[in-house]
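Let's take a walk through this one and see how its charged side chains pair up. Have the viewer open as you read.

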Amino acid sequence: MLDALNRVTACYRHLVITLGSTSDSQNLREELKKTRKKAQELAVANRTKLTALLKDKTISKEDRTEYERLWVLFSSSMELLDVDMKRSLEIGQDFPLKVPTRHLIQTGMSGSTTTVAARAMSVQNMKYEADSNIDTADLKELETEITQVGQMMEEMEMKVQVAPWAVEAKQEAGAELKSTVSVGNSSVGVISICEEEPKEVDGEPGLMKVFAGIIFTAIVLIAGILAYCVINLS
């Protein structure tokens, strides 16, 4: 469930980035609404499950350590969702589609976001059923949901006392970026990381050092000549 929440929140962030850009549309606003609601459903399920596990006094120390680590990851996902929902509200207010008060931003992004939204909803094809005024009608509902998410995060801190700094990571920072595991169709997207460093052509490092030395020597000589002239003229 936590993995599913991470995927959906990542998809939601991807969709929020396109708000106010030339890729913005009524379909995007509906995709944002469905994706954030899916994220909130998964958040409630994760909170219920992890809270019950962490309150269980019979679990072993090893299991508790693992559940605490998952709780920290869950809290981080909730914080990201909260930030992106607030950002979506602000941009949605600044860029209404039906009565535009500003021109859409030329971000260089183009194309449909349907594929990302479908991955978030775990469906083959997205179905669009919203009214034409969703760009403004949904803002009040979004404000309410932001408040609800904030309250959920406060309740989480009250019910479960897990210090993030006391939880040890299972892998080094940035290890996921070096992973060579292939990304499936159900993932957020395909991120290709090239681990190979650019190969140097034989002789190039030596030539670069020679040129750098010549340039440095020339700069020093010019600086010395200028300093000599200034002293003599004064």
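Is Lys37 buried or partly exposed? Keep in mind that this is a predicted model. Lys37 has a relative accessibility of 28%, so it counts as partly exposed, since buried would mean under 20%.

Now look at what Lys37 is paired with. Its side chain meets that of Glu145 in a salt bridge, at 2.6 Å from N to O. That pair ties together distant parts of the chain, with Lys37 in helix α2 and Glu145 in helix α5, 108 residues apart. Glu145 itself is buried, at a relative accessible area of 5%.

Glu145 has another partner too: Arg36, in a salt bridge of 2.4 Å, N to O. Here again distant parts of the chain are linked, from helix α5 (residues 134-159) to helix α2 (residues 26-55), with the two positions 109 residues apart. Arg36 counts as buried, at just 1% relative accessibility.

Zoom out a bit and these pairs turn out to belong to a network of salt bridges that links Lys33, Arg36, Lys37, Asp138, Glu141 and Glu145. The structure holds 13 salt bridges. One of them joins Arg29 and Asp24, whose closest N and O atoms are 2.7 Å apart. Arg29 is buried, with a relative accessible area of 6%, and Asp24 counts as buried at 8%.

For a change from charges, head over to helix α6 (residues 204-233), where you'll find Phe211. Together with Val210 and Ile214, Phe211 makes a nonpolar surface patch of about 300 Å². Phe211 is partly exposed, at 49% relative accessible area.

Terms used
Residues are numbered from 1 along each chain as its sequence is written. This is a predicted model: local features need pLDDT of at least 70, side-chain atom pairs count only at pLDDT 80 or more; totals for chains, interfaces and linings use all residues. Side-chain values use heavy atoms; hydrogens and water are left out. Patches are made of residues with over 30% relative accessible area and no salt bridge: like charges are joined within 9 Å, nonpolar side chains (Val, Leu, Ile, Met, Phe, Trp, Tyr) within 5 Å. Accessible areas come from the Shrake-Rupley method with a 1.4 Å probe; for residues, only the protein chains shown count as cover. A salt bridge is a side-chain nitrogen of Lys or Arg within 4 Å of a carboxyl oxygen of Asp or Glu. Helices (H or I, at least four residues) and strands (E, at least two) are DSSP runs, numbered from the N terminus. Buried means under 20% relative accessible area, exposed over 50%, partly exposed in between (1.4 Å probe, protein chains only).
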